[in-house]
Each structure stands twice: as C-alpha cells, then as structure tokens.
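Trainee: Could you take me through one part of this model slowly? I would like a close look at the nonpolar core, and then at whatever else helps me place it.

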Amino acid sequence: MSTDDDFSGLENIQDYDSQFSKIFPKQKRRKPQDGFKNDKVVNQVLDKSTMLTMYQMINSKIIAYVNGIVKAGKESALFWAVDPQGKDVALKVFLTSTSNFKKRAPYILGDPRFTHLKKGTRNMVYLWAQKEFKNLKQCTRHGLPVVKPIYVSKNVLALEFVGKEGVPATTLHETDVDENDYNQIIGIIRDLYKKAKLVHGDLSEYNVFKTQSGLVVFDFGSAVDTMHPNAQNFLERDIKNMSYFFAKRGLTVENPVDVLAKIQS
Ligand SMILES: Nc1ncnc2c1ncn2[C@@H]1O[C@H](COP(=O)(O)OP(=O)(O)OP(=O)(O)O)[C@@H](O)[C@H]1O
Ligand SMILES: [Mg+2]
C-alpha cells in the first residue's frame with residue numbers, strides 16, 4: 001500500500017487540494033517501515049475543520065508537515081508530524097464524529113478547573129483535548145515522566161513523539177516487565193497524586209510506554225483534580241488495574257488496599 005493511496009478519498013475534493021499538499025507534501029513525507037496502519041478512518045478524521053487546524057499549526061510553526069496516520073482508534077487518531085527543526089511530533093486528533101460525551105462527563109463534571117462548560121459535541125471534544133493538554137502541563141511542571149505536551153488547538157493535540165520513525169514506543173502491554181517497572185508505576189501514581197494533585201483515571205498497561213529511560217505515562221484526558229468527587233475511586237481503580245496487571249505477569253505485588261492507604265496518608 002503506498003502512502004498516497006491512504007488519502008485518495010480526499011484528493012478529489014477541490015477545497016482541500018492546496019491545504020492537503022501543504023500538510024502532506026509528497027516530496028518530504030516518510031512512512032514507517034511497516035507502513036501506515038489504517039486508511040479507512042482518514043476521511044473521517046480529516047474533516048474540513050481538522051485540516052484547517054493542522055494547516056494553521058504549520059503557519060504558526062508548531063509543525064512543518066505531516067507524514068501520515070499511525071494509529072486510529074474509536075475516539076482518536078494519531079498522526080506522525082515533523083516540526084520545523086526536523087523533530088518528530090505526535091498529533092493526537094480527537095474525533096468529533098464518534099465522541100462519546102456520556103462516557104467522558106464523569107471526568108469533567110466536578111473538576112474545579114472546569115466549571116463553565118459550553119454545550120455541544122464539538123465544544124466538548126475541544127474541551128477534552130484542552131483538558132488532556134492541561135493535565136500533561138501540570139505533570140511536567142512537577143517533573144513527572146509523561147509525554148511532553150507541545151500545543152493544543154481545537155481537536156488537535158501536539159505531543160512529543162515517543163518512539164522512532166513513526167513507530168510508537170512499546171507499551172507495558174506489549175513488552176516484558178519486572179519489579180522495577182512495578183515500583184516505578186506505583187511511584188508515579190503517588191507523585192501524580194501528591195505533587196501534581198491529579199489522578200490519571202484511565203491507567204492501564206495500554207497507557208504506559210516502557211522506554212530506555214524508564215516508564216512514560218500518556219493518555220491523560222481522563223485525569224482529574226484530587227478534589228474531584230470521584231478522585232478517590234479513580235485512584236483506587238488505577239492502583240488495582242496496575243496491580244492486577246503485574247500480578248498476572250507473575251510478579252509479587254503489594255495489596256492494592258495498602259498501596260492506596262499509603263498514598264493517601
Ligand atoms: N506522544 C506519543 N508518541 C507516540 N505515540 C503515541 C503518543 N501518544 C499516543 N501514541 C500512540 O497512540 C495510541 C493511542 O493513544 P492514546 O492512548 O493517547 O489515545 P486513546 O484515544 O486513548 O486511544 P485508545 O483508545 O487506543 O487508548 C497509543 O497506544 C500509542 O501507541
Ligand atoms: Mg489510550
């Protein structure tokens with residue numbers, strides 16, 4: 001499959017032409033060794049407004065161009081972009097078409113940082129992207145090992161690309177783990193709570209990269225302030241999720257209830 005075929009649906013639409021070739025310049029674009037993963041969702045992800053947002057990000061020099069789409073999930077898609085210095089950037093594009101607000105509401109309502117909400121699906125998606133950006137900023141300010149946030153606009157979130165040549169780093173789910181990883185993640189959950197005053201809310205082996213320099217946590221859209229009415233439940237669930245994962249992999253783990261008590265003390 002050639003990379004150009006991935007976007008064939010779009011090239012018929014005249015309006016998109018000039019923007020499209022600026023965002024995805026044929027001469028510059030690279031593709032990962034194993035190709036780009038998914039082409040079906042591209043038309044859906046790249047609606048007019050998302051194209052314009054990417055285009056504006058090029059004009060503001062946040063990125064220089066985009067290589068293509070690396071991963072496509074139900075609610076977001078990940079693009080591999082490059083900044084003007086040649087550094088890889090991950091663009092997490094939140095889909096406005098499949099947004100599931102009901103599922104997200106419990107992670108927004110009740111957070112003291114988000115009190116004035118604009119109604120409408122699009123606005124909720126934009127808010128979700130901003131929330132992830134804000135959460136990540138809060139983490140980096142406190143020195144936590146998370147993916148570095150670069151910029152957010154509308155439904156597009158720019159992040160430091162963790163991985164190589166358009167291939168994301170392996171997650172805990174995809175790799176061998178040891179006691180050191182377990183201790184690290186418990187330490188991160190504690191620092192998140194105590195220093196950054198956040199609870200991840202969706203922590204699992206799928207949302208943690210294992211890199212040469214240690215674990216890196218991502219997917220912070222669900223993270224809530226520790227003052228959120230459900231923060232304690234989310235904290236307990238995060239600890240349990242990670243403990244069960246490491247236990248399933250044959251490691252001896254501390255009782256999650258004791259871990260929770262220690263973190264809250
Ligand atoms: N900064 C990044 N650098 C490289 N790859 C990334 C980055 N952020 C996310 N990814 C890749 O994109 C995938 C999905 O990202 P993320 O978990 O943030 O989105 P999501 O909407 O929760 O998707 P999913 O439902 O698949 O978990 C990750 O599993 C990872 O492989
Ligand atoms: Mg995820």
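Mentor: Happy to; we will start with the core and then turn to the charged pairs and the metal site.

Please keep in mind that this is a predicted model. The largest nonpolar core has 58 residues, and I185 and F246 are the members that touch the most others. Helix α5, residues 121-141, is the main contributor to this core, giving eight residues. Where does the core sit relative to the domains? Domain 1 (4-168) and domain 2 (172-264) each supply residues, so the core lies between them. As background, nonpolar side chains in soluble globular proteins tend to be buried together.

F246 is a good residue to click on. Once neighbours within four places in sequence are set aside, F246 is in contact with L172, V177, D178, D181, Y182, I185, L251 and V253. I185, then, is on that contact list and is also named with F246 for touching the most other core members. Apart from this core there is a second, separate one of 24 residues, and M51, M57, I63 and L91 are among its members.

Now to the charged side chains. The structure holds 13 salt bridges. In one of them E75 pairs with R104, with 3.2 Å between the closest N and O atoms. E75 is in the loop between β1 (65-72) and β2 (76-82), while R104 belongs to helix α4 (residues 101-104), so this pair ties together parts 29 residues apart in sequence. E75 and R104 are both buried.

D191 takes part in two salt bridges: with R190 at 3.5 Å, N to O, and with K195 at 3.8 Å, N to O. R190 is partly exposed, at a relative accessible area of 39%, and K195 is also partly exposed, at 44%. Elsewhere, a network of salt bridges links R30, D88 and E165.

Finally, the metal site. Which residues coordinate the magnesium ion (ligand 2)? N207, through OD1, and D219, through OD, do so at 2.1 to 2.3 Å. N207 is in the loop between β8 (198-199) and β9 (208-211), and D219 is in the loop between β10 (214-217) and β11 (224-225), twelve residues apart. Their exposure is worth checking on screen: N207 has a relative accessible area of 7% and counts as buried because the cut-off is under 20%. D219, at 21%, is partly exposed.

Conventions:
Residues numbered from 1 in each chain as written. Chains lettered and ligands numbered in written order. Predicted model: local features only at pLDDT ≥ 70, side-chain atom pairs only at ≥ 80, totals over all residues. Heavy atoms only, no water. Donors = N, O, S within 2.8 Å, 3.2 Å for Na, K, Ca; no water. Helix = DSSP H or I, 4+ residues; strand = E, 2+ residues; numbered from the N terminus. Buried < 20%, exposed > 50% of the residue type's maximum accessible area, 1.4 Å probe, protein only. Salt bridge = Lys/Arg side-chain N within 4 Å of Asp/Glu carboxyl O. Core = buried A, V, L, I, M, F, W, Y, C linked by side-chain atoms within 4.5 Å. Domains from an automatic or database assignment. Contact = heavy atoms within 4.5 Å.
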